[in-house]
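Work through the exercises below with the sequence and the model open. Each task is followed by a solution in steps.

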Amino acid sequence: MRILILGGTTFLGRHLVDAAAARGHEVTILTRGRRDPQPFPEVERLRGDRLTDDLAALDNRTWDSAIDTSGIAPRAVRNTLKHLQGAVGHYIYLSSIAAYEDFGLPGITENDPLRPPLLDDQASIETGDDYGALKAGCEQLLGDALGEQLAIIRPSLIVGPHDPTDRFTYWVRRIAQGGDVLAPAPPEQWVQIVDTRDLAAWLIKSCETGRSGVYNVGNPEKSLTLDKVLDECARVTRSDALIDWVHEDFLLEAGVMPWTELPLWIPAKEAAMRGFTSMDTRRAASAGLKCRPLAATIRDLWAWDRSRETSLKAGLTPDRESQLLEQWRMNQARWL
Ligand SMILES: NC(=O)c1ccc[n+]([C@@H]2O[C@H](COP(=O)([O-])OP(=O)(O)OC[C@H]3O[C@@H](n4cnc5c(N)ncnc54)[C@H](OP(=O)(O)O)[C@@H]3O)[C@@H](O)[C@H]2O)c1
């Protein structure tokens with residue numbers, strides 16, 4: 001098959017290229033050329049900018065399938081549709097769990113309401129605000145234009161090698177380093193993730209079958225907890241880490257930012273976010289999405305992380321973690 005990837009050089013896109021090549025497909029990627037595409041000498045590389053409608057490279061071409069990983073802004077989607085309408089037989093759009101309106105309850109299904117779609121993105125894309133509403137806007141534009149040719153994917157947290165956000169990577173690196181590790185209580189809070197390679201393999205198979213419809217993606221609802229993740233990190237990295245489970249009220253009072261400064265953490269008291277880590281993902285599982293064992297994700301992520309020398313974009317700095325642990329130990333009676 002001929003597959004066009006709108007994106008392809010950061011994270012999921014790279015794994016899509018790998019997965020497509022492994023299945024013998026002809027791959028074209030379209031990017032602005034700002035990132036190093038060297039891992040893929042065999043891939044056709046088109047230059048273009050979806051935001052400025054600099055997309056002549058797409059004209060007079062056809063593909064069997066397109067996978068859109070770079071559509072954050074409705075403007076980008078609108079521009080792309082002008083050039084691709086009638087030129088692709090099938091289209092997969094990477095949306096997000098963030099497109100849903102209400103995370104108050106676990107078990108969000110694909111039929112739950114989305115945020116009011118934002119179709120004019122001029123202000124929001126610069127700041128990263130309104131990400132979910134922009135995704136809902138992109139979904140709407142694509143749905144109107146493509147109908148049954150379209151599959152919409154709403155992933156939970158995507159994890160694995162080349163993750164530019166470092167959110168899951170923080171825990172792997174931190175546990176591997178050992179010693180006293182600060183973690184947000186309660187240990188049994190739900191975690192929902194998908195390994196980027198599992199998602200990529202399933203998306204390429206979805207191109208082959210022309211899959212349409214909407215799919216939540218992540219490990220099965222309520223199958224994974226934070227303590228299981230951290231235990232598995234310790235087992236895989238053979239770490240002596242000792243976890244100090246710290247009360248969330250202490251962390252919030254100390255100004256620790258959930259999700260970014262302590263990745264995977266959604267405070268239990270934030271009732272409006274209770275469903276964020278426990279979507280219903282049965283539809284994708286029935287459609288063949290397979291999640292590899294957590295240990296395999298951690299092992300490969302750890303190997304990749306050790307191959308680069310960089311400080312992390314997410315998680316506590318060592319100084320901040322030890323200060324917080326010290327304060328916690330002196331004052332914990334107040335919180336227990
Ligand atoms: N990470 C998560 O946990 C998560 C969760 C849910 C959903 N998602 C969604 O999953 C998708 C995956 O993103 P990814 O970064 O992994 O994909 P990717 O395909 O690996 O990287 C994004 C690509 O888009 C290109 N790009 C960016 N802006 C562009 C523009 N204006 N015109 C043309 N190309 C452009 C970038 O290259 P250049 O910079 O060179 O142009 C890059 O190749 C995203 O849509 C994201 O919203 C992610």
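The exercises go from the whole chain to its domains, the ligand shell, one helix and some backbone details; the model is a predicted one.

**Exercise 1. Overall dimensions**

Task: Decide what radius of gyration a compact globule of 336 residues would have, and compare the protein chain with that value.

Solution: The rule is 2.2 Å times the number of residues to the power 0.38. For 336 residues this gives a radius of gyration near 20 Å, and the protein chain has 21 Å, so the two agree. Along the principal axes, the C-alpha atoms fill a box of roughly 70 × 40 × 40 Å. Buried residues account for 45% of the 336 residues. Next, take the contacts with a separation of 6 or more: 79% of them join residues 24 or more positions apart. As for secondary structure, the protein chain holds eleven helices and eleven strands.

**Exercise 2. Two domains**

Task: State which segments form each domain, and describe the contact between the domains.

Solution: The domain assignment gives domain 1 as 2-155 and domain 2 as 167-191 + 222-274 + 293-334. Domain 1 is thus written as one segment and domain 2 as three. Their C-alpha centres are 31 Å apart. Across the boundary, four residues of domain 1 are in contact with five residues of domain 2. On the domain 1 side, three of these residues are nonpolar, one is polar and none is charged.

**Exercise 3. The ligand shell**

Task: Find how many residues surround the ligand and which elements supply at least two residues of the shell.

Solution: The ligand is surrounded by 28 residues. Gly7, Thr10, Phe11, Gly13 and Arg32 are the closest. Sorted by class, the shell contains ten nonpolar, twelve polar and six charged residues. The elements that each supply at least two residues are α1 (12-22), β2 (26-31) and β7 (157-159). Of the elements, α1 contributes the most, with three residues.

**Exercise 4. Helix α6**

Task: Check the length of α6 (residues 196-209), then say whether the helix is mostly covered or mostly open.

Solution: The expected span is 1.5 Å times one less than the number of residues. For the 14 residues of α6 this comes to 20 Å; the end C-alpha atoms are 20 Å apart, so the helix agrees with the expected span. The helix is mostly covered, with eleven of its 14 residues buried. Among the buried residues are Leu199, Trp202, Leu203 and Ile204, and also Arg197 and Asp198. Just after α6 comes glycine 210, with a positive phi of about 65 degrees.

**Exercise 5. Backbone details**

Task: Locate the residues histidine 162 and arginine 238, each of which has a positive phi without being a glycine, and classify their exposure.

Solution: Histidine 162 has a phi of about 80 degrees, and its place is the loop between β7 and α5 (167-177). A residue is buried at 20 or more other C-beta atoms within 10 Å, exposed at 12 or fewer, and partly exposed in between. Histidine 162 has 17, so it is partly exposed. Arginine 238 has a phi of about 50 degrees and lies in the loop between α7 (226-237) and β11 (242-246). With 8 C-beta neighbours inside 10 Å, arginine 238 therefore counts as exposed.

Task: Identify the residues joined by a cis peptide bond.

Solution: The bond joins alanine 185 and proline 186, with omega at about 5 degrees. Proline 186 is in the loop between β8 (180-184) and β9 (193-195).

Notes: Residues are numbered from 1 along each chain as its sequence is written. This is a predicted model: local features need pLDDT of at least 70, side-chain atom pairs count only at pLDDT 80 or more; totals for chains, interfaces and linings use all residues. A residue is near a molecule or strand if its C-beta atom, placed from the backbone, lies within 6 Å of it. Helices (H or I, at least four residues) and strands (E, at least two) are DSSP runs, numbered from the N terminus. Ala, Val, Leu, Ile, Met, Phe, Trp, Tyr, Cys and Pro count as nonpolar, Asp, Glu, Lys and Arg as charged, and the others, Gly among them, as polar. Domain bounds come from an automatic or database domain assignment. Two residues are in contact if their C-beta atoms, placed from the backbone, lie within 7 Å.
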